[in-house]
Amino acid sequence: MNTQLSTLALIGPPGAGKTTIGRRLAGLLEIDFIDTDEAVVAAAGQPIAEIFVDQGEDAFRVLERRAVADALARARSTPMVLALGGGAPLDPITAAELESATVVFLDVSDAVAIRRVGLDSPRPLLAASPRRAWRELMAKRRPVYEGLADAIVQVDDLTPDDAAGRIAALLTEGER
Ligand code: S3P
């Protein structure tokens with residue numbers, strides 16, 4: 001399957017499955033995939049948790065903004081799926097730049113997300129009281145995610161392949 005679409009950006013909170021679903025979706029659409037967290041880690045030469053400790057969150061956000069801008073610039077010439085770090089769309093410059101992309105908000109319940117992040121790599125913002133921190137973060141961010149979204153997919157009951165298939169179907173419907 002291929003598509004006319006140039007950039008597809010997945011946004012949502014930690015534990016929504018942006019990276020896993022994004023990778024599957026890119027495979028399905030036969031286009032490239034970039035995870036902005038991975039781009040930040042590669043640029044900084046250290047894991048995200050260490051960037052937070054050594055350089056602070058503000059420095060992380062600067063690196064993140066740059067990683068998203070670079071990815072969006074690349075996506076101008078090559079169709080691409082981007083998975084953004086959960087906090088990336090909160091940056092006003094990033095939010096404005098996302099206008100050029102088709103944005104899909106992966107919505108997820110706290111129960112499912114917290115179970116997933118517990119099994120995954122450490123997230124500095126969720127290190128203390130993960131459940132409460134996730135809920136607070138999602139309450140603040142939901143309006144931003146919803147405001148930027150061209151489509152919202154609730155992923156609680158979907159496998160990554162099902163979620164990727166659902167998004168691909170939405171895109172091909174939109175093209176008709
Ligand atoms: C963050 C989410 C993380 C990562 C960093 C900050 C956030 O990415 O960018 O730990 O602010 O929500 P995921 O959304 O992939 O967990």
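Helices (H or I, at least four residues) and strands (E, at least two) are DSSP runs, numbered from the N terminus. The model is predicted, so that local features need pLDDT of at least 70 and side-chain atom pairs count only at pLDDT 80 or more, while totals for chains, interfaces and linings use all residues. Residues are numbered from 1 along each chain as its sequence is written, and side-chain values use heavy atoms, with hydrogens and water left out.

T36 belongs to helix α2, which spans residues 36-44. With a relative accessible area of 0%, T36 is buried (under 20% relative accessible area, 1.4 Å probe, protein chains only). Its side chain comes within 3.1 Å of the backbone nitrogen of G85. Apart from residues up to four places away in sequence, T36 is in contact (heavy atoms within 4.5 Å) with A67, V68, A83, L84 and G85.

The ligand is surrounded by 14 residues (a heavy atom within 4 Å), of which K18, D37, R61, R123 and R141 come nearest. By class, this shell holds 5 nonpolar residues (Ala, Val, Leu, Ile, Met, Phe, Trp, Tyr, Cys and Pro), 6 charged residues (Asp, Glu, Lys and Arg) and 3 polar residues (the others, Gly among them). Helix α4, residues 57-75, gives the most to the shell, with 3 residues.

Oxygen atoms of the ligand lie 2.7 Å from a polar side-chain atom of K18 and 2.7 Å from an N or O atom in the side chain of R61. A backbone N or O atom of G86 is 2.8 Å from an oxygen atom of the ligand. Taken alone, the ligand exposes 390 Å² (Shrake-Rupley method, 1.4 Å probe), and the protein buries 95% of that.

Terms used: Buried < 20%, exposed > 50% of the residue type's maximum accessible area, 1.4 Å probe, protein only. Polar contact = N/O pair within 3.5 Å; in protein donor to acceptor, adjacent residues only side chain to side chain.
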